[in-house]
Amino acid sequence: HGIDEVEERGFTSGHKPSLQAEYTTATSTYETHQKSACKRGWFIYGTLVDAVPQWREQRDLLMSAKGVGKVVAYTLMSELPELGKLNRKEIAALVGVAPMNRDSGSYRGKRRVSGGRSKVRTVLYMSMWSTIQYDPKIKATYERLLAAGKPKKVALVACMRKQLTILNTMMKNGTHWNEKYA
């Protein structure tokens, strides 16, 4: 597609007002539909969790931790059923927040995180920003790693692993959040 074709169709600054109005209306309708569908999905999921006592207890355990809301709790429950059943190294590797070596022979490569369950990792990444603000011990860990010269993302992933380990222990022992865990 050339520039002439783009201009001919009206996708440049000189586009037709009716096309802009159609686009705005379609975008607005789509966004409204997506928000509505998302709210319905969370409502249905919340209703299902409320109906099963074991799921309700798991959600309440997870949500007792700082930085863990409904999105994180429901994602962990649905995407990581092994939570509370594995040890800390296994659960970190399963999610993809454990450092893996790139060694071969005498070569010692950089340790990197890779693989794992991307949905869980993404949700933990987003919740970690809130956790760093409201949990003084996780914040101290993050700041200590930054002071040691670690890149921000490395420090953040280390905190994600720490939070995941704490949540795993909570689920394994069936205990609510306690300041001593962090």
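**Exercise 1. The overall layout**

In what order do the elements of the protein run from the N terminus on?

*Solution.* Keep in mind that you're looking at a predicted model.
- Step 1: Start at the N terminus and follow the chain; the elements run α-α-α-α-α-α-α-α.
- Step 2: Check this against the tally, which is eight helices and zero strands.
- Step 3: Look at how the chain meets itself. Of the contacts with a separation of 6 or more, 55% are between residues 24 or more positions apart.
- Step 4: Turn to the surface. The accessible surface comes to about 11,900 Å², and carbon and sulfur atoms hold 56% of that. Buried residues are 28% of the 182 in the protein.

**Exercise 2. How far to trust the picture**

Find out which element has the lowest mean pLDDT and which has the highest.

*Solution.*
- Step 1: Take the whole protein. Its mean pLDDT is 79, and 68% of its residues reach 70 or more.
- Step 2: Go element by element. Helix 1 (residues 3-9) has the lowest mean, 50, while helix 7 has the highest, 94.
- Step 3: Apply a rule of thumb: where pLDDT is low, don't read the predicted coordinates in detail.

**Exercise 3. The nonpolar core**

Work out which residues of the largest nonpolar core touch the most other members, and which helices supply this core.

*Solution.*
- Step 1: The largest core has 36 residues, and the ones touching the most other members are L62, L76, L80, L83 and L164.
- Step 2: Now the suppliers. Helix 3 (53-63), helix 4, helix 5, helix 6, helix 7 (136-147) and helix 8 (152-173) each give two or more residues to the core. Helix 8 gives the most, with ten residues.
- Step 3: Zoom in on one member. Not counting residues up to four places away in sequence, L62 touches V68, A73, L76, M77, L83, L167 and M171.

**Exercise 4. Checking a helix with a ruler**

What span should the 22 residues of helix 8 have, and how far apart are its end C-alpha atoms?

*Solution.*
- Step 1: Use 1.5 Å a residue, counting one less than the number of residues. For helix 8, that gives an expected span of 32 Å.
- Step 2: Compare this with the model: the end C-alpha atoms are 32 Å apart, which agrees.
- Step 3: Look just past the end. G174 follows helix 8, and its phi is positive, near 70°.

**Exercise 5. Hunting for salt bridges**

How many salt bridges does the model have, and which residues form them?

*Solution.*
- Step 1: Recall the idea: side chains of opposite charge can pair when their charged atoms come close. The cut-off to use is a nitrogen to oxygen distance within 4 Å.
- Step 2: Count them; there are three salt bridges.
- Step 3: Take D60 and R59, whose side chains meet at 3.4 Å, N to O. R59 is buried, because its relative accessibility is 10%, while D60 is partly exposed at 31%.
- Step 4: Next come K119 and E79, which meet at 3.8 Å, N to O. K119 lies in helix 6 (residues 118-134) and E79 in helix 4 (residues 70-79), so this pair ties together parts that are 40 residues apart in sequence. K119 counts as exposed at 54%, and E79 as partly exposed at 29%.
- Step 5: Finish with R117 and E82, at 2.8 Å, N to O. R117 is in the loop between helix 5 (88-95) and helix 6, and E82 is in the loop between helix 4 and helix 5, so the pair links parts that are 35 residues apart in sequence. Both ends are partly exposed: R117 at 26% and E82 at 24%.

**Exercise 6. Buried or exposed?**

Decide whether T131, Q133 and T141 are buried or exposed.

*Solution.*
- Step 1: You need two cut-offs: buried is under 20% relative accessible area, and exposed is over 50%.
- Step 2: T131 is in helix 6. Its relative accessibility is 1%, so T131 is buried. Leaving aside neighbours within four places in sequence, T131 is in contact with K66, G67, I138 and Q163.
- Step 3: Q133 is also found in helix 6. With 56%, Q133 is exposed. Its C-alpha atom is 8.7 Å from that of G67, a residue 66 positions away along the chain.
- Step 4: T141 sits in helix 7. At 11%, T141 is buried. Setting aside neighbours within four places in sequence, T141 is in contact with C159 and K162.

Key: Residues numbered from 1 in each chain as written. Predicted model: local features only at pLDDT ≥ 70, side-chain atom pairs only at ≥ 80, totals over all residues. Heavy atoms only, no water. Buried < 20%, exposed > 50% of the residue type's maximum accessible area, 1.4 Å probe, protein only. Helix = DSSP H or I, 4+ residues; strand = E, 2+ residues; numbered from the N terminus. Contact = heavy atoms within 4.5 Å. Areas by Shrake-Rupley, 256 points an atom, 1.4 Å probe, with all protein chains shown as cover. Core = buried A, V, L, I, M, F, W, Y, C linked by side-chain atoms within 4.5 Å. pLDDT = per-residue confidence, 0-100.
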